[in-house]
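Visitor: Could you pick one single part of this model and take me through it closely? After that, I'd like to hear how the rest looks from there.

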Amino acid sequence: MPARNGRYNSLMRRNQFSCTVAVLALAACFAAANVPAAVSRSALPTTSPEDRELARAIFKELIEINTTDTPLGNVTTATAAMQKRFLDAGFAADDVHLLGPDARKMNLVVRLRAEGTPVEKPVVFLCHMDVVEALRSDWSTDPFQFVEKDGYYYGRGTQDMKNSDAALVFTFLRLHRESYKPKRDLILALTADEEGGKFNGADWLVKEHRDLVDAAFVINPDSGGVELDRGRAVVADVEATEKVYSDYQVTATNRGGHSSIPRPDNAIYELTAALSRLQAYQFPFEMNEVTRTYFKNLAGQETGQSAADMRAILGTPPDLAAAARLSAEPSFNSNFRTTCVATRLSAGHANNALPQTAQANVNCRIFPGHSPEEIRQLLMGIFADEKLTVKYVSDAGTVSDTAPERKAMVPPAPIPEVFEPLTRLTETIWPGTPVTPVMENGASDSIYFAQAGIPSYGYSAIALERDDDRAHGQDERLPVDSYWKSLDFFYAFAKALGGE
Ligand SMILES: [Zn+2]
């Protein structure tokens with residue numbers, strides 16, 4: 001999962017904001033979507049005690065299957081267990097596909113079919129099934145045992161993201177049991193290797209089985225969610241686009257020699273001079289529909305110079321002096337442009353020898369609409385040294401002379417079809433919580449769909465205390481109540497997207 005809510009989070013804390021303003025801004029923003037008045041909490045169908053038992057059992061089963069990318073982990077054990085649940089519940093075998101490029105990394109794609117001819121393209125719910133490694137010695141409890149204690153569920157994946165995997169499996173089973181017939185197909189994709197590993201399921205499905213996961217849009221509960229401040233819901237982030245992760249290997253080579261006879265040509269100096277040019281370089285300021293909406297909403301909560309600056313960057317043309325002032329905040333800077341930064345360095349082979357190679361890794365986070373190859377060419381221009389090579393490093397670690405040409409789509413304005421029910425249900429479950437679309441500076445599996453032209457929206461429907469983000473960390477846990485609310489949310493949300 002991408003770092004959760006980091007940017008909005010720190011900003012909110014700094015500004016002691018009031019949420020009413022954002023609610024109003026948002027209401028105006030989606031006025032065209034004809035947002036119905038929020039229904040009372042009691043009007044939302046809640047999950048029965050028996051169904052909570054079932055949803056808890058699925059959650060427990062998933063937590064207790066180790067799906068790390070280690071010799072002990074196996075994603076297929078988890079996806080096959082879910083396949084069995086769907087088949088036992090009476091899903092047609094044709095609608096439950098277990099498939100993948102590796103025996104231990106099989107993905108499960110389940111389809112809840114529309115009645116008759118679908119009126120619209122499907123919706124995909126995208127959930128990764130793998131988790132980050134967790135060591136028993138680091139934890140208070142066994143990370144692969146589902147433990148309920150003091151109002152929390154403990155275990156690896158309780159936040160990231162077996163909670164949502166289980167909630168969606170349960171939701172699909174419930175909808176099927178209730179003979180719910182959507183107007184469009186609803187698809188659940190449970191996938192491998194989001195956190196690491198060589199067999200990313202989202203990537204593989206989009207490339208090899210587009211027919212199974214082709215959709216109007218994707219809902220990815222791996223990011224976004226409701227931030228709590230001592231029990232009070234303050235903001236709901238929805239990831240509406242994200243930057244593209246890309247690594248480059250920059251190498252200077254030299255014939256070397258004895259260090260007692262140095263020459264002007266030197267691999268270390270050439271590399272570091274090039275990196276200094278990168279340090280001094282700033283990529284151009286950019287905005288898209290998502291960041292525009294975000295800063296428009298945020299301007300309503302800010303005061304003074306930063307509020308004025310946020311409005312100024314929304315103008316045509318944008319006020320670049322205002323953008324420069326706001327860029328002093330690193331998280332804003334990252335939201336305004338592509339960034340590239342040196343992250344690793346290695347050089348030389350002996351203390352008394354001239355270096356024959358000097359190598360750096362440069363990590364870029366690319367603004368949607370540009371390709372990794374475009375950025376590679378740009379880097380070569382910035383380095384301005386023809387003796388250097390700039391190669392692309394894939395997620396799997398393979399190094400190649402050129403980078404992919406494929407660019408992530410420029411995101412459309414957040415679509416009312418998603419944001420109207422999402423806002424309404426969020427307001428029902430967490431009253432007074434403004435919803436805002438964000439562009440994540442991090443990366444998730446949404447990118448594979450975005451690169452295929454399918455927008456993806458990240459929303460976990462999980463409410464967490466701001467200081468209790470334990471994804472990837474020790475003693476990962478989820479408030480029991482948060483799990484129940486996510487069940488209520490996804491049931492109602494799936495029906496809203498599928499047509500009541
Ligand atoms: Zn995740």
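**Starting from one loop**

Guide: Let's begin at arginine 230, which sits in the loop that links β8 (225-229) to β9 (232-242). Keep in mind that we're looking at a predicted model. What makes me stop here is the backbone: arginine 230 isn't a glycine, yet its phi is positive, at about 45°. As a rule, residues other than glycine mostly have a negative phi. The side of the story you'd check next is cover. Arginine 230 has a relative accessible area of 73%, and the cut-off for exposed is over 50%, so this residue counts as exposed.

Now hop along to histidine 472, another non-glycine residue with a positive phi, this one about 70°. Histidine 472 also belongs to a loop, the one between β19 and β20 (477-479). Its relative accessibility is 36%, which puts histidine 472 in the partly exposed class.

While we're on backbone oddities, have a look at the peptide bonds. Most of them are trans, generally speaking. Here, aspartate 160 and methionine 161 are joined by a cis bond, with omega about -15°. Methionine 161 is in the loop that runs from β5 (152-154) to α5 (162-177). You'll find a cis bond between threonine 316 and proline 317 as well, with omega about -5°. Proline 317 is part of the loop between α10 (304-312) and α11 (320-326).

Loops can be covered too, so here are a couple of cases. Serine 460 lies in the loop between β18 (456-458) and β19 (463-465). With a relative accessibility of 6%, serine 460 is classed as buried, because the limit is under 20%. If you want a sense of distance, go from serine 460 to glycine 256: the two are 204 residues apart along the chain, and 54 Å separates their C-alpha atoms. Proline 414 is in the loop between β16 (399-400) and α14 (416-429). Proline 414 is buried as well, at 7% relative accessible area. Between proline 414 and isoleucine 429 there are 15 positions in sequence and 21 Å in space, C-alpha to C-alpha.

On to the helices. Aspartate 51 is in α3 (residues 49-63), and at 7% relative accessibility this acidic residue counts as buried. What does aspartate 51 touch, leaving out residues up to four places away in sequence? The answer is Phe170, Arg174 and Arg177. Threonine 389 is a distant partner to compare with: 338 residues along the chain from aspartate 51, with 58 Å between the C-alpha atoms.

Helix α6 (residues 201-208) is mostly covered, with six of its eight residues buried. Those six are Gly201, Ala202, Asp203, Trp204, Leu205 and Val206. The cover over them includes the strands β1 (96-99), β2 (107-112), β3 (123-128) and β6 (186-191), along with the helices α7 (210-213) and α15 (446-451).

That brings us to the interior. The largest nonpolar core holds 73 residues, and the ones with the most contacts inside it are Met82, Phe86, Phe125, Leu188, Tyr483 and Phe493. Helix α16 (residues 480-498) supplies the largest share of this core, eleven residues. A second core stands apart from that one and has 44 residues, including Leu205, Leu212, Ala360 and Tyr392. Tyr483 deserves a closer look. Not counting neighbours within four places in sequence, its contacts are Ala55, Arg56, Phe59, Tyr153, Asn163, Ala166, Ala167 and Leu478.

Finally, step back and take in the whole chain. There are 16 helices and 20 strands. Of the 500 residues, 56% are buried. Among contacts with a separation of 6 or more, 80% join residues 24 or more positions apart. The C-alpha trace spans about 80 × 55 × 50 Å along its principal axes. The radius of gyration is 24 Å, which agrees with the value near 23 Å for a compact globule of 500 residues. As for the outside, the accessible surface is about 20,300 Å², and carbon and sulfur atoms account for 52% of that. Charges come to 51 positive and 65 negative side chains, with the centres of the two sets 2 Å apart.

Note on methods: Residues are numbered from 1 along each chain as its sequence is written. Side-chain values use heavy atoms; hydrogens and water are left out. A nonpolar core is a set of buried Ala, Val, Leu, Ile, Met, Phe, Trp, Tyr and Cys residues joined through side-chain atoms within 4.5 Å. Buried means under 20% relative accessible area, exposed over 50%, partly exposed in between (1.4 Å probe, protein chains only). Helices (H or I, at least four residues) and strands (E, at least two) are DSSP runs, numbered from the N terminus. Contact means heavy atoms within 4.5 Å. The radius of gyration is taken over C-alpha atoms; the globule rule is 2.2 Å times the number of residues to the power 0.38. Accessible areas come from the Shrake-Rupley method with a 1.4 Å probe; for residues, only the protein chains shown count as cover. Lys and Arg count as positive and Asp and Glu as negative; His and the chain ends are not counted. The place of a charge is taken as NZ of Lys, CZ of Arg, CG of Asp or CD of Glu.
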